[in-house]
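Please open the model in your viewer with the sequence panel beside it, and follow the selections below in the order in which they are given.

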Amino acid sequence: GLHFQLPPEAEAKYVRCTRGSIWDVVVDLRPESPAYRSWCAIELRAAEGAGLFVPAGCAHGYQTLEADTEVQYMMSARYAPALARGVRFDDPRLGIRWPREVTTISERDRTWPLLTD
């Protein structure tokens, strides 16, 4: 799934892959943004050391591309379970192209609602 938090605990994130590799996806959910409801993705590889900044108001998720992959996050706000939300990885309005078939996903991530108009 693609995760984010609502204000006042909306969080920016910095994400790094510290072992293996991931397909990292960001969806812009800021209604005032020209990129609203668009997504971008990048492959992060531990061997390259690059990271990704995810602005507050954007949903974030990833798919592991190798066994024994490890991901590290730094977040700008504390975790607030009551404000945690998500977007389905397979929402047809987003049309995210995942590099591999999604075979393992949590029940919570499987049941996030679809985006509405």
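The radius of gyration used here is taken over C-alpha atoms, and the rule for a globule is 2.2 Å times the number of residues to the power 0.38. This is a predicted model, and for its 117 residues a compact globule would have a radius of gyration near 13 Å, so the 14 Å of the protein chain agrees with that expectation.

**The whole chain**

Begin with the C-alpha trace of the protein chain, which spans about 40 × 30 × 30 Å along its principal axes. Colouring by secondary structure should bring out 1 helix and 8 strands, and reading along the sequence gives the pattern β-β-β-β-β-β-β-β-α. If you then colour by accessibility, 36% of the 117 residues count as buried.

**The three-stranded sheet**

Next, select S2 (residues 13-19) together with S5 (51-54) and S7 (70-75). These 3 strands form an open sheet in the order S5-S2-S7, with antiparallel pairing. S5 and S7 are the edge strands, each of them pairing on one side only, and neighbouring strands of this sheet are turned by 20 degrees against each other on average, direction ignored. Between S2 and S5, which run antiparallel, there are 4 bridges; to look at a bridge in this part of the sheet, select Tyr14, whose bridge partner in S5 is Phe53.

**The loop between S1 and S2**

Move now to Pro7 and Pro8, both of which are placed in the loop between S1 and S2. The peptide bond that joins Pro7 and Pro8 is cis, with omega at about 10 degrees. Is Pro7 buried or exposed? Its relative accessibility is 62%, and residues over 50% are called exposed, so Pro7 counts as exposed. While Pro7 is still selected, add Leu83 to the display: the two residues are 76 apart in sequence, yet their C-alpha atoms are 7.5 Å apart in space.

**Two residues with positive phi**

For the next stop, select Arg37, in the loop between strand S3 (21-28) and strand S4 (39-45). Although Arg37 is not a glycine, its phi is positive, at about 65 degrees. With a relative accessible area of 23%, Arg37 is partly exposed, a class that lies between the cut-offs of 20% and 50%.

Then go on to Asp68, which is found in the loop between S6 and S7. Asp68 is another residue other than glycine with a positive phi, in this case near 60 degrees. The relative accessible area of Asp68 is 55%, and Asp68 is therefore exposed.

**The largest pocket**

Finish at the largest pocket, which holds about 590 Å³ of space. Of the 29 residues that line this pocket, those closest to its centre are Gly1, His3, Gly61, Tyr62 and Asp109, which together make a convenient selection for centring the view.

Which elements supply at least two residues each of the lining? They are strand S1 (2-5), strand S6 (58-64), strand S7 (70-75), strand S8 (84-87) and helix H1 (107-110). S7, an edge strand of the sheet visited earlier, is thus met again here as one of the contributors to the pocket lining. The largest share of the lining, 5 residues, comes from S6. When the lining is coloured by residue class, it divides into 12 nonpolar, 9 polar and 8 charged residues.

How values were computed. Residues numbered from 1 in each chain as written. Predicted model: local features only at pLDDT ≥ 70, side-chain atom pairs only at ≥ 80, totals over all residues. Heavy atoms only, no water. 1 Å grid on protein atoms, 1.4 Å probe; cavity = no way out; pocket = protein on both sides within 12 Å on 5 of 7 lines; lining within 4 Å. Points joined across faces, edges and corners; volume = space filled by probe spheres on them. Nonpolar A, V, L, I, M, F, W, Y, C, P; charged D, E, K, R; others polar. Pairing = 2+ DSSP bridges. Axes fitted to C-alpha atoms, helices over the stretch in contact; angles between N-to-C directions. Buried < 20%, exposed > 50% of the residue type's maximum accessible area, 1.4 Å probe, protein only.
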